[in-house]
Amino acid sequence: HKCKLHINQYFSSEIDKYAIIISNNNHKDIIRLGDIRQIDTKTLPKIDILIGGSPCQDLSISKQNRKGLQGSRSVLFYEYCRILNEINPRYFILENVASMSKVDKEIISQELKVQPILLDASLVSAQRRKRLFWTNIKNIQLPHDRNISLQSILEDGTALYNKSYCIDANYHKGGPVS
């Protein structure tokens, strides 16, 4: 099911140049706010939904000696919380890796006052990628499995596996299994 929303304005604080290129191709009228640490929320209009996620490198199991929410990238979660508290939107959604430590998951849940929902992207894509979503939107239901395989999205050739895997701690073990 598609969510039919009328978007008046779309603000973004993305700073990764490649993510900006992709988002510009999909949403030409994005209002770029720059680095989240520099956003003055007093200059923003009323915002109905805040969607975000801090970089996952410090939370992911794929990083040795991960620093969790205190890491230089994932600490941006607290900037998301600042923006959330200052603009007080009607709804919010926060996403991040499911492989984070139990302690970090609990901290995020306490800060946002909701428990996460686990979603594996394999339900709606040809990739296995487990993520946690925290939201205050009620009655969220997981999407139905669309049974999308790597083979079904290839223009030609043969897929070695049914689903693709993101590079993670198991990558060095010879790749995924169907």
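**Reading salt bridges and burial in a predicted model**

Student: How should I read Arg131: does it count as buried or exposed?

Tutor: Arg131 counts as buried, because its relative accessibility is 11% and the cut-off for buried is under 20%. Please keep in mind throughout that this is a predicted model.

Student: With which residue does the side chain of Arg131 meet in a salt bridge?

Tutor: The general idea is that side chains of opposite charge can pair when their charged atoms come close. In this structure, the side chain of Arg131 meets that of Glu95 in a salt bridge, with 3.0 Å from N to O. This pair links distant parts of the chain, since Glu95 lies in strand E4 (residues 91-97) while Arg131 lies in strand E7 (residues 130-135), 36 residues apart. Glu95, at 26% relative accessibility, counts as partly exposed, whereas Arg131 counts as buried.

Student: How many salt bridges does the count come to?

Tutor: The count comes to 4 salt bridges, and among them are two made by Arg82 within helix H2. Arg82 forms one with Glu79, where the closest N and O atoms are 2.8 Å apart, and another with Glu86, at 3.2 Å from N to O.

Student: Why are Arg82 and Glu79 separated by about one helical turn?

Tutor: An α-helix has 3.6 residues a turn, so residues three or four places apart point the same way. Here Arg82 and Glu79 are 3 residues apart in helix H2 (residues 77-87), and therefore about one helical turn separates them; Arg82 and Glu86 are 4 residues apart in H2, which again means about one helical turn.

Student: Which residues do the shared partners join into one network?

Tutor: Salt bridges that share partners join Glu79, Arg82 and Glu86 into one network. Within that network, Arg82 is partly exposed, with a relative accessible area of 22%, and Glu86 is likewise partly exposed, with 44%.

Student: What is the count of buried residues in helix H1?

Tutor: Helix H1 (residues 17-26) is hardly covered, for the count of buried residues among its 10 residues is 1. At the start of H1 you can also find a side-chain oxygen of Asp16 that reaches to within 3.1 Å of the backbone nitrogen of Tyr18.

Student: Does Val103 count as exposed or buried?

Tutor: Val103, which is found in helix H3 (residues 102-112), counts as exposed, because its relative accessibility is 54% and the cut-off for exposed is over 50%. Its C-alpha atom is separated by 9.5 Å from that of Leu69, although the two residues are 34 residues apart along the chain.

Conventions: Residues are numbered from 1 along each chain as its sequence is written. This is a predicted model: local features need pLDDT of at least 70, side-chain atom pairs count only at pLDDT 80 or more; totals for chains, interfaces and linings use all residues. Side-chain values use heavy atoms; hydrogens and water are left out. Buried means under 20% relative accessible area, exposed over 50%, partly exposed in between (1.4 Å probe, protein chains only). A polar contact is a pair of N or O atoms within 3.5 Å; within protein, one must be able to donate a hydrogen and the other to accept it, and residues adjacent in sequence count only if both atoms are side-chain atoms.
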